[in-house]
Amino acid sequence: MTDAPNYRIRPMNQSAKAARQGNPSYPEPILGNSAATLMESGVGNCFPGLEFDLRQLDVRFFPGLVFAFPGITPAGPDGTQGAQLVIADTEADPIFNEKHQWLADLKTQLNGPEGAALGSGQWYLHWVEQYGKRIELYDFTVWQNGVFRVPYEGETAWWIIRLIELDPDQSVADLTIALTQRDEDGQPMGNPVVLKGKRRAYLDDEGMIPDVYRPGELTSSMCSPWTHDFRDCACQYWASNHPDVALGEVDDPNHAISDGTSDDDPAQALNFLDWMRRRKSPSRDISAQPTIELARPSRYDPYEINLHWEELDFVLHGQETKSTPEPRFGHRQVNEPYEDLDQMIDDLANTLARLELTLAFEYLYAYFSLRAPDEVTEEQARNWPGLANDLRAARQLILGVAISEMTHLRWVNQTLWILCDAFTDHTGPYKPVVSVIGDVPAPDPDNPDEEITRPPSLRPATQDVIQEFVEVERPGGAVDTEYAALVAHLRERPDFYPVGLDELAVRIDTDGLSHFQKFRDTKRMLTPYAQNPDLYLRPVKEAAADDPLVKPALECLDRIIDALREGYLAEAASLNDLDAAETARDDIIQARDDMHALHDMAEALARDHGLGVPFFANADKYKTPLWKDRHG
């Protein structure tokens, strides 16, 4: 194992970082750090199966095919158990977009006579073969001097499939399977359909599950009915997507905007309610209690849930609702639709990607301008009991948005490299866009309903600055409508653009609403200290670019930009060259490590020296030409 790759585990959640540094896990609650935020911090790492059913991964173990694993019916063996073919389809499986000969051969089979045969009648997995070893999915029994096959139970068939090895060599097929139909006694009949391929990889190089799995597919076999699970456990266990707390409904419809969130009117105070509270209790609208013991008297017990579950409200965007919201797309304002591919690429590369990085820098500067909870003095804690917790929450919210903007930068670049791969003759080769923009959308101070632009600027998180962030991210604003237009354009042309691009655009667009809510909540949290800004703000000034104190931070920032560019370029190349995936992973890991280092440097500069990192100081150094200037 001396030549095994050195994969380091990098915990992403706060509790794991604390434990790694010798501190106890969760010394205090970490606001906004949901257990299901990332797979690295999910409960499934300790208790596999609580977040999704691992068996559901194997229903798509073979590219182009979907199986089910039925068991024996209560009436006894009926020959339908085992691994039952549900559908054979190459069009909806993005793996067939990869450039490998074995995939091309398999696609030819599934679109040819073999696929036509599988489209008629019920088929079952007959045997699997890998590295010369074949396993039939049957037991044998003797009856009246005859030997008969008894199909394995669905769970047994799943275990056999689960043990199929993943061969890292993507150039050749190493797995062969056979499918047959069965007679009424469960015996295989007719000629088998034999297919050659490979077992699907269930995680990509970034630890993400492939897009072939549809929303809800990995949980479709769980918690049915969930109310019985909750009752029978007789405890506070719930699946990780259970909303512990939620904002109440807005009573006055005049203070609500079209997407269902509240405006900046105090009609909806920042008051999180216990979602499991008894709706007829006098304390039903009182803030959620911090412990189960305190909350229990006013919430439903497990044994009551079967009688009262219908009283629990739906939660959309963190807010309870009893009404049906308007569709997220189709009835909302969007910019003028793109005329063609060129116009869309121009907007992605010259506006959206650059805007994401610019906003990330502005949000980070605002984050570092906020005091840390441990900077609150004893006297301030006595006079302002909630200050430390409000600072902790505000910092977590702003940092979360900044990280999200960096994720969007990656997704916009991913959209570009997929488009360039699909339309190379038209677009030319992909070139990474990791640059800042010259103008940022901003509200017009003389007319709040209108928008203007301003140069990028680094400012502390004053009430006015946070309000401007709210307006930038507001649904229906400049950024939101840009992505709405992108989603609409891609969805209107499903047969023209590569599969999955519209869903990538939807991810970015829906995140915008979360950003709006987080900044709005941040402002509310800090409003009590508006007359005393020194309570929550550090005396931070933007450092000069030539200040020797900030030189290490700027050098670290340059390394991050370079690593992201190289990583994105390698990821684009990995669409056609698997060796490039190794380079991409190393570059992205390097960028993430440097981001952690930059965070520590910037925090020390702001806390100890009152200096803010001049994030735009080297903007010209990593400035890239406009897309049309690079590609003609």
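**Group meeting: a predicted model of a 632-residue chain**

Glutamate 304 is buried, with a relative accessible area of 12%. I begin with this residue, which sits in the loop between α6 and α7, the latter spanning residues 305-308. I should state at once that the model before you is predicted.

What does the side chain of glutamate 304 make a polar contact with? The partner is the side chain of arginine 278, at 2.9 Å. If we set aside neighbours within four places in sequence, glutamate 304 is in contact with Arg278 and Arg299.

Let me now turn to the chain as a whole. The protein chain contains 17 helices and 16 strands. Of its 632 residues, 45% are buried. Taking contacts between residues at least 6 apart in sequence, 71% join residues at least 24 apart. The chain exposes about 32,600 Å², and 53% of that area is supplied by carbon and sulfur atoms.

The interior comes next. The largest nonpolar core comprises 92 residues, and within it Met344, Tyr363, Leu419 and Phe615 have the most contacts. Two or more residues of this core come from each of α8 (341-369), α10 (387-422), α12 (463-473), α13 (478-491), α14 (501-526), α15 (551-573) and α16 (579-609). Which of these elements gives the largest share? That element is α8, with 18 residues. There is also a second, separate core, made of 36 residues, with Phe52, Leu118, Trp123 and Tyr202 among them.

Trp123 leads us to glutamine 181, a residue of strand β7, which covers residues 175-182. Glutamine 181 and tryptophan 123 are 58 residues apart in sequence, yet their C-alpha atoms are 4.6 Å apart in space. Is glutamine 181 buried, partly exposed or exposed? Its relative accessibility is 22%, so glutamine 181 counts as partly exposed. Beyond its neighbours within four places in sequence, glutamine 181 is in contact with Ser120, Gly121, Gln122 and Trp123, and also with Gln187, Pro188 and Met189. One of these, serine 120, offers its backbone oxygen to the side chain of glutamine 181 at 3.2 Å.

On the surface, I would point to a nonpolar patch of about 330 Å², made by Phe140, Val142 and Val147. Phenylalanine 140 belongs to strand β5, residues 138-143. With a relative accessible area of 47%, phenylalanine 140 is partly exposed.

I now come to the charged side chains. A search of the whole structure finds 30 salt bridges, and I have selected three for discussion.

The first pairs glutamate 320 with arginine 279, at 3.4 Å from N to O. Why does this pair tie together separate parts of the chain? Glutamate 320 lies in strand β12 (319-321), whereas arginine 279 lies in the loop between β10 (272-274) and α6 (292-295), so the salt bridge links parts that are 41 residues apart in sequence. Both residues of this pair, glutamate 320 and arginine 279, are buried.

The next joins arginine 296 and aspartate 301, whose closest N and O atoms are 2.7 Å apart. Arginine 296 is partly exposed, its relative accessible area being 38%. Aspartate 301, by contrast, is buried at 13%.

The last is formed by the side chains of arginine 538 and glutamate 603, at 2.7 Å from N to O. Arginine 538 is in the loop between α14 and β15 (541-542) and glutamate 603 is in helix α16, so this pair ties together parts that are 65 residues apart in sequence. Arginine 538 and glutamate 603 are both buried. Which residues share in the network around this pair? Salt bridges with shared partners join Asp374, Glu375, Arg395, Arg538, Glu603 and Arg607 into one network.

Helix α16 also holds glutamine 590. At 40% relative accessibility, glutamine 590 counts as partly exposed. Its C-alpha atom is separated by 8.7 Å from that of arginine 559, which is 31 residues away along the chain.

To close, I return to helix α16. This helix gives two or more residues to the largest nonpolar core, carries glutamate 603 of the salt bridge with arginine 538, and includes the partly exposed glutamine 590. Thank you for your attention.

How values were computed. Residues are numbered from 1 along each chain as its sequence is written. This is a predicted model: local features need pLDDT of at least 70, side-chain atom pairs count only at pLDDT 80 or more; totals for chains, interfaces and linings use all residues. Side-chain values use heavy atoms; hydrogens and water are left out. Helices (H or I, at least four residues) and strands (E, at least two) are DSSP runs, numbered from the N terminus. Buried means under 20% relative accessible area, exposed over 50%, partly exposed in between (1.4 Å probe, protein chains only). Contact means heavy atoms within 4.5 Å. Accessible areas come from the Shrake-Rupley method with a 1.4 Å probe; for residues, only the protein chains shown count as cover. A nonpolar core is a set of buried Ala, Val, Leu, Ile, Met, Phe, Trp, Tyr and Cys residues joined through side-chain atoms within 4.5 Å. A polar contact is a pair of N or O atoms within 3.5 Å; within protein, one must be able to donate a hydrogen and the other to accept it, and residues adjacent in sequence count only if both atoms are side-chain atoms. Patches are made of residues with over 30% relative accessible area and no salt bridge: like charges are joined within 9 Å, nonpolar side chains (Val, Leu, Ile, Met, Phe, Trp, Tyr) within 5 Å. A salt bridge is a side-chain nitrogen of Lys or Arg within 4 Å of a carboxyl oxygen of Asp or Glu.
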